[in-house]
Amino acid sequence: MTQAPVGRVPGNLPLPDRLLAVATRMFAEKGFENTSVQEIVNAAGVTKGAMYHYFGSKDDLLYEIYHRLLGLQMSRLEQIADGPGTAEERLRAAAVDVLNTSFLYLDDFTVFFRSTHLLPRDRREAVRAERRRYHERFRALVEEGQRAGAFRAATPADIAVHFFFGTVHQIGVWYRPGGTLKTEAISDHYVDLFLNGLRR
C-alpha cells in the first residue's frame with residue numbers, strides 16, 4: 001500500500017497508485033463531493049482517459065481507498081492474532097497496530113470515516129462486511145483473553161471492542177501532525193486505557 005505524504009505525490013509511483021494517492025489527499029482535504037475527476041487527473045498529471053483505464057469512476061477510487069486500508073489492517077491483524085504470545089500480548093499488539101496504521105495512513109483513514117455513506121449501496125455493504133470481519137477477529141482476541149482469565153468476563157467483548165474502535169475512529173477529527181504528542185505515545189495511551197478496562 002502506497003500513500004504519499006500530504007501535499008506531495010511522487011511522480012515515480014505506478015499510475016494507479018499515483019491516482020489513488022492524489023485522490024486520497026484531495027478527498028481528505030476537500031471532501032469527496034467537492035473534488036472533481038478533472039482536478040484529480042490534473043494533479044496526477046494524466047488524462048481522464050488514462051484514469052478511466054484503471055478506475056471506471058470517482059466512486060471506484062473511493063472504494064479502492066477503503067478496500068486497500070481494510071485489506072492492509074486485516075492482513076496485519078491475522079498475522080498478529082495467529083502469532084506467538086498470550087492473548088493479552090497479541091491483543092495489545094493488534095490494538096497498537098490499528099492505531100499506528102491509522103496514523104500512518106491518516107488521509108485514507110479520514111476519507112474512510114467521512115465518506116463511507118457516499119458509496120453506492122453494494123459497495124457500502126461490501127465495506128461494512130469487511131469491517132465486520134475485522135472487528136470479529138479483534139473481538140475473538142478479547143474473548144480468548146477472557147477465557148484465559150486475563151480479562152474480566154463480566155465486560156461483554158462486543159462492548160469493549162465497540163468502545164475501543166469508537167475512540168479510534170475519532171482520531172481524524174482531532175489529531176493533527178506536528179503536535180507535541182507523538183503518535184507512538186498516543187497509541188500507548190489509547191491501548192493502556194483499553195486494556196486497563198479489561199483486566200481483572
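# Questions about an all-helix model

Reader: Does leucine 69 count as buried or exposed?
Author: Let's start with the cut-off, since this is a predicted model and the label comes from a computed value. A residue is called buried when its relative accessible area is under 20%. Leucine 69 has 2% relative accessibility, so it counts as buried.

Reader: In which helix is leucine 69 found?
Author: Helices are numbered from the N terminus. The one that runs over residues 58-81 is H4. Leucine 69 is found in helix H4.

Reader: How many helices does the protein have?
Author: You can read this off the pattern along the sequence, which goes α-α-α-α-α-α-α-α-α-α. There are zero strands, and the number of helices is 10.

Reader: What is the radius of gyration of the protein, and why is the protein described as compact?
Author: Good one, because the globule rule gives us something to compare with: 16 Å for 200 residues. The protein comes close to that, so it is as compact as a globular protein of that length, with a radius of gyration of 18 Å.

Reader: What does the C-alpha trace span along its principal axes?
Author: Here we describe the protein by three lengths, one for each principal axis. The C-alpha trace spans about 60 × 40 × 30 Å.

Reader: How much of the protein counts as buried?
Author: The cut-off is the one we used for leucine 69, namely under 20% relative accessible area. Applied to the 200 residues of the protein, the share that counts as buried is 46%.

Reader: Which residues is phenylalanine 112 in contact with, leaving aside neighbours within four places in sequence?
Author: Phenylalanine 112 is in helix H6, and at 3% relative accessibility it counts as buried. A contact here needs heavy atoms within 4.5 Å. Leucine 69, our starting residue, is on the list, which reads Tyr66, Leu69, Leu70, Val127 and Arg131.

Reader: Where is the place of leucine 119?
Author: Leucine 119 counts as buried, at 3% relative accessibility. Its contacts, leaving aside neighbours within four places in sequence, include Tyr66 and Val127. As for its place, leucine 119 is in the loop between H6 and H7.

Reader: What separates the C-alpha atoms of leucine 119 and aspartate 59?
Author: Along the chain, these two are 60 residues apart. In space, though, leucine 119 is in contact with Asp59. The separation of their C-alpha atoms is 6.5 Å.

Reader: Which residues does threonine 183 touch, not counting residues up to four places away in sequence?
Author: Threonine 183 is in helix H10, residues 183-198. Its C-alpha is 8.5 Å from that of leucine 99, although the two are 84 residues apart in sequence. The residues that threonine 183 touches are Phe103 and Tyr175.

Reader: What is the volume of the largest cavity?
Author: The count takes in cavities of 30 Å³ or more, and two cavities pass. The volume of the largest is about 140 Å³.

Reader: Which residues that line the largest cavity are the closest to its centre?
Author: The lining has nine nonpolar, four polar and one charged residues. Helices H4, H5, H6, H7 and H8 each supply at least two residues of it. Of the 14 lining residues, the closest to the centre are Leu70, Gln73, Phe113, Phe165 and His169.

Reader: Which residues does the UniProt annotation "domain: HTH tetR-type" cover?
Author: This comes from an unreviewed entry, and such annotations may be inferred rather than shown by experiment. In the model, the span is 77% helix and 0% strand, and its end C-alpha atoms lie 22 Å apart. The annotation covers residues 13-73.

Reader: Which residues does UniProt list for "DNA-binding region"?
Author: This label also comes from an unreviewed entry. In the model, the span is 75% helix and 0% strand, with its end C-alpha atoms 14 Å apart. UniProt lists residues 36-55.

Conventions
Residues are numbered from 1 along each chain as its sequence is written. This is a predicted model: local features need pLDDT of at least 70, side-chain atom pairs count only at pLDDT 80 or more; totals for chains, interfaces and linings use all residues. Side-chain values use heavy atoms; hydrogens and water are left out. Helices (H or I, at least four residues) and strands (E, at least two) are DSSP runs, numbered from the N terminus. On a 1 Å grid over the protein atoms alone, a cavity is a set of points where a 1.4 Å probe fits but cannot get out, and a pocket is an open set with protein on both sides within 12 Å along at least five of seven lines; lining residues have an atom within 4 Å of a point. Grid points are joined across faces, edges and corners, and a volume is the space filled by probe spheres set on the points. Ala, Val, Leu, Ile, Met, Phe, Trp, Tyr, Cys and Pro count as nonpolar, Asp, Glu, Lys and Arg as charged, and the others, Gly among them, as polar. The radius of gyration is taken over C-alpha atoms; the globule rule is 2.2 Å times the number of residues to the power 0.38. Buried means under 20% relative accessible area, exposed over 50%, partly exposed in between (1.4 Å probe, protein chains only).
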